[in-house]
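Q: Please take one part of this structure and look at it closely. Start with the whole, then zoom in, and end with what lies around that part.

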Amino acid sequence: MVSYKELGLVNTREMFAKAVAGGYAIPAFNFNNMEQLQAIIKAAANKRSPVILQVSKGARSYANQTLLRYMAQGAVEYAKELGWENPQIVLHLDHGDTFETCKSCVDMGFSSVMIDGSSLPYDENVALTRKVVEYAHQFDVTVEAELGVLAGVEDEVAAEESHYTRPEEVIDFTSKTGCDSLAISIGTSHGAYKFKPEQCTRDPKTGILIPPPLAFDVLAEIEKKLPGFPIVLHGSSSVPQEYVKIINENGGKLPDAVGIPEEQLRKAAKSAVCKINIDSDSRLAMTAMIRKVFNDKPGEFDPRKYLGPARDEMQKLYEHKIVNVLGSDGKA
Ligand SMILES: [Zn+2]
């Protein structure tokens with residue numbers, strides 16, 4: 001049993017309370033490898049933004065859970081070395097699907113876990129979430145739960161049919177489970193193909209797809225039922241078209257990739273939404289730079305020469321999100 005407190009990590013409780021009161025949101029960036037982690041920590045340290053390092057089940061099996069935990073511990077020390085005196089860094093399990101997975105993360109030094117029972121019948125979601133909360137709270141680990149189903153694909157998480165969170169369920173759910181934050185479904189979606197072309201309109205000039213707006217009325221209803229309660233948005237990448245273009249111009253094939261417009265996320269960040277999950281955008285930034293180097297310099301075979309530019313681009317992306325979308329700069 002390792003406590004996250006020994007690793008210099010923090011849970012989400014105070015961070016979320018400040019974010020809700022201050023009208024901004026905390027970035028939750030997924031990581032699977034060293035370059036992503038370096039970029040996240042450099043961006044957060046530069047901008048003095050609290051940050052949530054997210055690890056999915058897929059990341060745990062890809063990178064090895066022990067190694068990931070030590071990487072997060074290293075991230076705290078690295079942040080200090082960068083001059084960030086009191087780093088506010090959370091290590092969070094993204095989409096935990098069983099009690100056992102959540103327990104093993106709590107036991108291994110995670111400061112926050114998500115239990116995603118959103119695909120279960122309501123009563124089973126309540127029971128499973130409650131069980132995780134009871135375990136995690138003994139160690140002061142915070143718990144994110146989910147109500148409503150997001151569309152899209154993210155690692156092992158995939159849903160064909162999405163439905164919005166039902167505002168009439170949120171009071172009952174949060175009081176029965178004791179969860180610390182709630183992921184809701186209001187039209188965001190996992191992956192780089194968040195909407196089918198037929199769900200969108202097309203910009204007549206550029207041919208780029210314009211996605212349907214988020215259901216801010218549902219969010220407002222939920223906020224009214226749970227004043228000040230921390231709300232989480234998953235699947236909130238914007239799929240920057242400049243990256244899609246670089247990828248497609250350098251041998252890639254991502255037709256009609258589309259995300260959530262940043263102005264909608266900015267609006268959400270000012271509400272009770274206090275955690276915004278971004279994964280696909282960093283995958284796109286990384287892929288775009290690697291493809292470009294491979295295309296421009298076919299003789300290059302030193303991984304540092306293509307992972308380095310990819311890392312720099314991801315840092316740029318993270319800083320942009322922190323400053324221009326989430327508003328979390330200067331808050332840690
Ligand atoms: Zn998610």
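A: Of the 332 residues of the protein chain, 51% count as buried. Keep in mind that this is a predicted model. The overall size fits a globule, because a compact one with 332 residues would have a radius of gyration near 20 Å, and the protein chain has 19 Å. Its C-alpha trace spans about 60 × 45 × 35 Å along the principal axes. The chain holds twelve helices and 13 strands. Many contacts bridge long stretches of sequence: among those between residues at least 6 apart, 74% join residues at least 24 apart.

Now the sheet. Eight strands close into a barrel. Their order is 1-2-3-4-5-8-12-13, and the pairing is parallel. Neighbouring strands of this sheet are turned by 25° against each other on average, with direction ignored.

Zoom in on strand 4. This strand covers residues 112-115. On one side, three bridges join strand 4 to strand 3, and the two run parallel. His92 has Ser112 of strand 4 as its bridge partner. Strand 4 also pairs with strand 5 (residues 142-147), through four bridges and again in parallel. There, Met114 stands opposite Glu144 of strand 5. Helix 5 (residues 99-107) packs on the sheet and touches both strand 3 (89-96) and strand 4. The direction of helix 5 makes about 165° with that of strand 3.

Which faces of strand 4 are covered? Both are. Ser112 and Met114 lie on one side, Val113 and Ile115 on the other, and all are buried.

Next, the helix at the far end of the numbering. Helix 12 runs over residues 303-326, which makes 24 residues. From first C-alpha to last, helix 12 reaches 32 Å, close to the 34 Å expected at 1.5 Å a residue. Its buried residues include Ala310, Arg311, Met314, Leu317, Tyr318, Lys321, Ile322 and Val325. Look at the spacing of these numbers. An α-helix has 3.6 residues a turn, so residues three or four places apart point the same way. What do the buried residues of helix 12 pack against? Two of the partners are strands: strand 1 (26-30) and strand 13 (273-278). The others are helix 2 (34-47), helix 10 (262-269) and helix 11 (280-296). Strands 1 and 13 both belong to the barrel. Helix 12 is followed by Gly327, whose phi is positive, near 75°.

Another pair of helices meets elsewhere. Helix 6 (residues 122-137) and helix 7 (residues 170-177) pack at an angle of about 40°, with their axes 8 Å apart. Helix 6 brings Val126, Thr129, Arg130 and Val133 to the contact. Helix 7 brings Phe173, Lys176 and Thr177. These residues divide into three nonpolar, two polar and two charged.

Finish with the backbone in two loops. Most residues other than glycine have a negative phi. Asn64 has a positive one, near 80°. Asn64 is found in the loop between helix 3 (57-63) and helix 4 (65-81). Val239 also has a positive phi, near 50°. The place of Val239 is the loop between strand 12 (231-233) and helix 9 (241-249). Are these residues buried or exposed? Asn64 counts as exposed because 12 other C-beta atoms lie within 10 Å. Val239 counts as buried because 22 do.

Terms used
Residues are numbered from 1 along each chain as its sequence is written. This is a predicted model: local features need pLDDT of at least 70, side-chain atom pairs count only at pLDDT 80 or more; totals for chains, interfaces and linings use all residues. The expected span of a helix is 1.5 Å times one less than its number of residues. A residue is buried if 20 or more other C-beta atoms lie within 10 Å of its own, exposed if 12 or fewer, and partly exposed in between; C-beta atoms are placed from the backbone. Two residues are in contact if their C-beta atoms, placed from the backbone, lie within 7 Å. The radius of gyration is taken over C-alpha atoms; the globule rule is 2.2 Å times the number of residues to the power 0.38. Axes are lines fitted to C-alpha atoms, for helices over the stretch in contact, and angles run from 0 to 180 degrees between N-to-C directions. Ala, Val, Leu, Ile, Met, Phe, Trp, Tyr, Cys and Pro count as nonpolar, Asp, Glu, Lys and Arg as charged, and the others, Gly among them, as polar. Two strands pair if DSSP finds at least two bridges between them.
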